[in-house]
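Here is a short tour to read with the structure open beside you. It begins with a small sheet and then moves on to domains, chain contacts and cores.

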Amino acid sequence: MSQVSIAPLRLVTADERGVHVPAQASRPVVESETQLRALLGGLSGVDAVGVDARAAKLATRSLKKSTKLAALDLAISMVDLTTLEGSDTLGKVTSLCAKARRPDPSDSDVPSAAAVCVYPDLVAHARHVLHGSSVKVASVATAFPSGRASMNVKLLDVHDAVEAGADEIDMVIDRGAYLSGRLGQVFDEVVAVKAACGAAHLKVILETAELATYDNVRRASWIAMLGGADFIKTSTGKAGVSATLPNALVMLEAVRDFAEMYGELVGVKVAGGIRTSKDALRYLVLVNETVGASWLTPDRFRFGASSLLNDLLMQRRKQRTGAYVRPDEFSSD
Amino acid sequence: MSEDLTSPLGSMVYDPAPESASVAHLRSSYGLFLDGKFTDPESHASFETLNPATEVPLARVAQASIDDVGRAVASSRQAYEKVWSKTTGAERAKYLYRIARLIQERSRELAVVETLDNGKAIRESRDIDIPLAAAHFFYYAGWADKLDYAGFGPNPKPLGVAGQIIPWNFPLLMAAWKLAPALATGNTCVLKPAETTPLTALVLAEILQQAELPPGVVNIVTGDGSVGAALVDHPDVDKIAFTGSTEVGRVIQQSVAVSHKHLTLELGGKGANIVFEDAPVDEMIEGIIDGIFFNQGHVCCAGSRLLVQESIADEVLRRLVRRVDQLRVGDPMDKNTDVGAINSAAQLARIEELTQYGETEGATRYTSSCVLPDKGYWFAPTIFADVSQSHRIAREEIFGPVLSVLTFRTPEEAVAKANNSNYGLACGVWSEKGSRTLWVAQRLRAGVIWANTYNRFDPTSPFGGVRESGFGREGGRHGLEAYLDV
Amino acid sequence: MSDRLDVRKTYKLLVNGAFPRSESGRSYEVLSASGEFLANVAQGSRKDLRDAVVAARGAQAKWWSQTAYNRGQVIYRLAEMAESRRDELTEHVGLAEGLKGKSAQQSVERAIDRMVWYAGWTDKIAQILGSSNPVAGPFFNFSVPVPSGVVAVLSVQDSSLEGFVDAVLAPICVGNAVVAVASERRPTPAVLLGEMTATADFPGGVLNIVTGFTGELAPTLASHEDVDGIDLTGVDEPFADELAALAAGSIKRVLRPSEPQNPLRRLRAFVETSTVWHTIGQ
């Protein structure tokens, strides 16, 4: 297959194929709602049909053999093992932490989960149980899940969690403020919570189900990132439809564009409704083909889930031994 | 976090995820399909059909002679007079429903055969070609007993025997587009599949047998261009339906000017994908990519010209170049392949020749850095920037994975540039502003206009071109007209 | 001949994809045309109708949101199911209507072909009833047919299968959900058809069938405000007038027995026309 060529073929370079992150981080200082709106006004719209179609096409990717094995382990290492129930007790948190640390008691090669995710009043206990392990303690805060409380109360919530030793804070944005157009307020709250976090990393939950449109998801993603988010997160898992591939796609595109514009790499967490390995792997494909391999690490991508972990373990075991095991093979914590 | 980091998109390695060729159940040789049976051609002549991704022969296929074409036409005429014209619409409908169902049942087998014979990615055969083919039969099945309501007056009559010549780019789907409306309206057919892609039509013949379609209602004659010519020239054919190049379309039209056969043509195009500055960015990039690299660019309605508003041209080009290098080019049988093989050596040569002009005429070329396999016919997806209207690559149909990028300043200029072509098949318009999209659509000389999407097909939606892209429509209520005497 | 005892069927209602007995616990005797005992069929109540309307309303939006292609496939599958149970249907139509073997079989075959006919309308009716309208101004103006919503059907009394199929599938194929009262004296073929919808992938609630006494049930449907349209072809004129007057209370669309029963009339009866204007300009 040779051809006569006048000039050498000008091939696309690896450089042109990547996400171009400027060397200097330059998140802008936003001083007013007007300025915020001007920044957001430059964002392009999102065509819902196109987003759904792209997500559906990427969901047909087939991961086999070593790719699948590696992806399963990667997914396990990205899990924020979560319990956020009114009925949570110290005992429940103890078992959760044990599982996060050592997901498969019979196999020490299985990576630990990235973190546990609990309510603020259980952070200290989680911290204690996880002493010496690599598993982080993430705490929800800011009147999770609704966010309906005064700013004082929300900041106090954050403060308690941070004092108790949380490594990461998962806050909720004020959807009421967003939907009534008070975008500056949404922004200010992110900034204030980020300040209250101190050294802790901040994840900002958008609650995509309540934002309803992809345009809103894009805009809210940008508000969160401009406000200082280290991660943007899809859902609380407590309201309606949780994480979906199209919403994650919109958020990943926002993260990619933000990185190219301001030099900051913000992470993405998908939470709620992700139960099977098949789902999890679809998200990894999305990350790979939207923002690239630099985001394929627990530092930049997380799954907020509980039952997902056992399905990952089951698939992992099946890939290695060829057989499906009973669900009881793994702990039900 | 401030690293000077470029993380290449799509660089996570996917292990091969091959579909199994054994699903295909291919025979080593196929005869002509005449009178409901596979028969040897009189001369016993045959030729090999190859897998363009590997250059390995797949099967031997019959080469029909002029006499064989005569036999096929006589058989279709007999079936028309004695059987099909006496079959009620409700009964015709039920045959077509059976065929639709059988295509669904054998969909995996058909998808594999299509990919092996054509070179297109299995994901496309599986998710687009085969489902649309079944849907086409379903849709037209439903018209067979409702022709009184189709808007052509009461009790519209069929034309008789239809000679149907189809191209190699969507072999089974094109067969469905031709057969379904013709049979629904009461015609019988002689189908001539493309020389390089006869196999799915022959599997369809097996399906027609399983559906117990009366013998002779559909005859299939395989072979080279001479078979099509024989069909066009045969005096007992009432109607010719042709999809292929404008070049051949002209010859056919000249021929029927003398013979007075009914004619519909679906020819080439040089589709303009018009992008305004307020287009939804990510979806637009996907739409441009899809518009030209879907099916390796072997699409008559491909968006092979990008007309991008000058104010966003640089940024769009940057994103396009990034995206084009992400396309997975390779083994069509791998489920993760995006772009498959070029259908034949001849087509590859044509693409290479025309692409040369792009360079010599001064356009800026970007070619995907994908690694192409050693065997088979392959062309790396290519984008030409800084193209002007006078360049050959802006005017001539390449029918390959090559995009020409031009700019415009105003909506009026976009329309003028889009219309500055003898073709008129399809266009795309990208904007968030509905009124402008409709304003542009109203002024575009094209048979199909996609807004904020591209390459969408549906059996209910009429498809076809204006000017030298042909005449007549396939799909929808309008698609019935081609096969009725109205 | 063996002494084997057969397992007799219980004829229940179809509500929301499930087969409950009447909440009233009542049943009534259905006799064949020649007077033999056929079955005890559930005698539906006003409350059953209320539940059926709720089910229909719940299902209708989702049914309409499916593609027309999909809806066509579902109705075609009903024809597949009916074809596979053709003998059973033939037996029941024969007993119910007093038809001999061949006539009964032909009636069933016509009914199945009718189902196929309706299956093919779902993705074409918009091309017949819709249009783009050349208004005198820079607007793109188009009209599309949309379903009225929930349609009540009072089945014809005599034609136990063919008539039932026409009455329920016409509104269903254009996107409505239906609450049907089967023929009072000849309900069993309709009940069988209801069973077949369960294996034809009909979403629950799209077709609901309540058996019982038309005189008792009809006024409830005619006056129920969450029913958008009512097919009165199964009742005779004086009663139809009464019901039509009740229906007027909520401005229902009414299909009268006196109107010509041409096929397109049934398809148009429970369809609304929605017209959109969009500016055209740079």
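## A small sheet in chain B

In what sense do β4(B) and strand β5 (residues 56-62) of chain B pair, and over how many bridges? In this predicted model, the two strands run antiparallel to each other, and six bridges join them. Two of the pairings are easy to find on screen: B:E48 stands opposite B:R60 in β5(B), and B:S46 has B:A62 in β5(B) as its bridge partner. The two strands also make a hairpin, with four residues between β4(B) and β5(B). Within that turn, B:E55 has a positive phi of about 65°.

Now look for the third strand. The sheet is open, with its three strands in the order β1-β5-β4 (chain B), and its pairing is mixed. Its edge strands are β1 (29-30) and β4 (46-51) of chain B, each of which pairs on one side only. β1(B) runs parallel to β5(B), and two bridges join them. Here B:Y30 finds its bridge partner in B:V61 of β5(B).

## Two domains in chain B

Zooming out, chain B is divided into domain 1 (21-267 + 467-483) and domain 2 (272-451). The C-alpha centres of these two domains of chain B lie 30 Å apart. How many residues of each domain of chain B are in contact with the other? On the domain 1 side there are 21, and on the domain 2 side 26.

The helices α3 (107-118) and α4 of chain B each supply at least two residues of the domain 1 side of this contact. The largest share of that side comes from α4(B), with three residues. By class, the domain 1 side holds seven nonpolar, seven polar and seven charged residues.

## Where chain A meets chain B

There are two pairs of chains in contact, and of these, chains A and B share the most contacts. Here 46 residues of chain A are in contact with 44 residues of chain B. On the chain A side, α2 (48-58), α3 (65-77) and α12 (277-290) of chain A each supply at least two residues. α2(A) gives the most to this side, with four residues.

What is the make-up of the side of chain A that touches chain B? It divides into 19 nonpolar, 15 polar and 12 charged residues.

## Where chain B meets chain C

On to the contact between chains B and C: 23 residues of chain B are in contact with 20 residues of chain C. The elements giving two or more residues to the chain B side are α2 (89-105), α4 (122-141) and α14 (434-443) of chain B. α14(B) provides the largest share of that side, six residues. By class, the chain B side has 12 nonpolar, six polar and five charged residues.

What about chains A and C? Chain A and chain C do not touch, and their nearest C-alpha atoms are 15 Å apart.

## The nonpolar cores

In soluble globular proteins, nonpolar side chains tend to be buried together. Which residues touch the most other members of the largest nonpolar core? They are B:L96, B:F137, C:M115 and C:V179, out of the 250 residues in this core. Helix α5 (residues 171-184) of chain B gives the most to the core, with 11 residues. Domain 1 (21-267 + 467-483) and domain 2 (272-451) of chain B both give residues to the core, so it lies between them.

B:F137 is a good residue to click on. Leaving aside residues up to four places away in sequence, B:F137 touches B:L96, B:I99, B:A100, B:I103, B:A176 and B:A180. There is also a second, separate core of 106 residues, and its members include A:V172, A:I223, A:A305 and A:L313.

## Confidence in the model

A last look goes to the predictor's own scores. For the complex, the predictor gives an ipTM of 0.93 and a pTM of 0.95. Chain C has a mean pLDDT of 95, and 98% of its residues reach 70 or more.

Conventions:
Residues are numbered from 1 along each chain as its sequence is written. Chains are lettered from A and ligands numbered from 1 in the order in which they are written. This is a predicted model: local features need pLDDT of at least 70, side-chain atom pairs count only at pLDDT 80 or more; totals for chains, interfaces and linings use all residues. A nonpolar core is a set of buried Ala, Val, Leu, Ile, Met, Phe, Trp, Tyr and Cys residues joined through C-beta atoms within 7 Å. A residue is buried if 20 or more other C-beta atoms lie within 10 Å of its own, exposed if 12 or fewer, and partly exposed in between; C-beta atoms are placed from the backbone. Domain bounds come from an automatic or database domain assignment. Two residues are in contact if their C-beta atoms, placed from the backbone, lie within 7 Å. Ala, Val, Leu, Ile, Met, Phe, Trp, Tyr, Cys and Pro count as nonpolar, Asp, Glu, Lys and Arg as charged, and the others, Gly among them, as polar. pLDDT is the predictor's confidence in each residue, from 0 to 100. Two strands pair if DSSP finds at least two bridges between them.
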